[in-house]
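Q: I'd like to learn how to read a helical model by eye. Can we go through one together, feature by feature?

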Amino acid sequence: MAVRKWHFAQALHSFAALKKVVNELTEEEVLAALDLESRALRRKSLIDRLISRAIRLNEINYARQLKEKYHGKST
């Protein structure tokens, strides 16, 4: 999946803009934003929020994998 330019730009524009789109970001977009923002060595609060979202996306994916493994794929 490609990074959606508008969402990516909003995520990096400001903390307020990030808060509006953070739950719509894919893991790929979150990681791309983290890479770019961490190289700039700025806005710790934005980096921390992106890290929190990456953790949550991973948690959701892991839960889905466990459910598929032990309950079977849902139809």
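A: Sure. Let's begin with the word "contact": here it means heavy atoms within 4.5 Å. This is a predicted model, so that cut-off is applied to predicted coordinates. Take L34 as a first case: leaving aside its neighbours within four places in sequence, L34 is in contact with I47, L50 and I51.

Q: Before I lean on contacts like those, what is the mean pLDDT of the protein chain?

A: The general idea is that where pLDDT is low, the predicted coordinates should not be read in detail. Here the chain has a mean pLDDT of 90, with 96% of its residues reaching 70 or more. Among the elements, α1 has the lowest mean, 90, and α4 the highest, 94.

Q: Which residues have the most contacts inside the largest nonpolar core?

A: They are L18, L25, V30, L34, L46 and L50, in a core of 14 residues. The elements giving two or more residues to this core are α1 (5–13), α2 (15–21), α3 (27–40) and α4. The largest share, 5 residues, comes from α4.

Q: Now a single helix. How far apart are the end C-alpha atoms of α3?

A: The idea is to compare the span with 1.5 Å a residue. For the 14 residues of α3 that should give 20 Å, and the end C-alpha atoms are indeed 20 Å apart, so the two agree. You can run the check again on α4: its 28 residues reach 40 Å from first C-alpha to last, close to the 40 Å expected.

Q: Where do the buried residues of α3 sit around the helix axis?

A: An α-helix has 3.6 residues a turn, so residues three or four places apart point the same way. In α3 the buried residues are E29, V30, A33, L34 and E37. Seen down the axis they fall within an arc of 135°, so they line one face of the helix. What covers them includes α1 and α4. After α3 comes L41, whose phi is positive, near 55°.

Q: And which residues of α1 are buried?

A: H7, A11 and L12. Their arc around the axis is only 125°, which puts them on the same side of α1. On the other side, K5, W6 and H13 are exposed. The buried residues of α1 pack against α2, α3 and α4.

Q: There's a glutamate in that α3 list. Is E37 buried or exposed, by its relative accessibility?

A: Buried means under 20% relative accessible area. E37 comes out at 1%, so it counts as buried. Its side chain is joined to that of R43 by a polar contact of 2.9 Å. Leaving aside neighbours within four places in sequence, E37 is in contact with L12, R42, R43, L46 and I47.

Q: L46 and I47 again! What else is buried in α4?

A: The buried residues there are L46, I47, L50, R53, A54 and L57. Their cover includes α1, α2 and α3. Just past α4 is G72, with a positive phi near 85°.

Q: Last one: how does S45 compare, and what is its relative accessibility?

A: S45 is found in α4, which runs over residues 44–71. Its relative accessibility is 43%, so S45 counts as partly exposed. For a look at how sequence and space differ, try its C-alpha against that of F15: the two residues are 30 apart along the chain, and their C-alpha atoms are separated by 7.6 Å.

Key. Residues are numbered from 1 along each chain as its sequence is written. This is a predicted model: local features need pLDDT of at least 70, side-chain atom pairs count only at pLDDT 80 or more; totals for chains, interfaces and linings use all residues. Side-chain values use heavy atoms; hydrogens and water are left out. Helices (H or I, at least four residues) and strands (E, at least two) are DSSP runs, numbered from the N terminus. Buried means under 20% relative accessible area, exposed over 50%, partly exposed in between (1.4 Å probe, protein chains only). A nonpolar core is a set of buried Ala, Val, Leu, Ile, Met, Phe, Trp, Tyr and Cys residues joined through side-chain atoms within 4.5 Å. The expected span of a helix is 1.5 Å times one less than its number of residues. The arc is that of the directions from the helix axis to the C-beta atoms. pLDDT is the predictor's confidence in each residue, from 0 to 100. A polar contact is a pair of N or O atoms within 3.5 Å; within protein, one must be able to donate a hydrogen and the other to accept it, and residues adjacent in sequence count only if both atoms are side-chain atoms.
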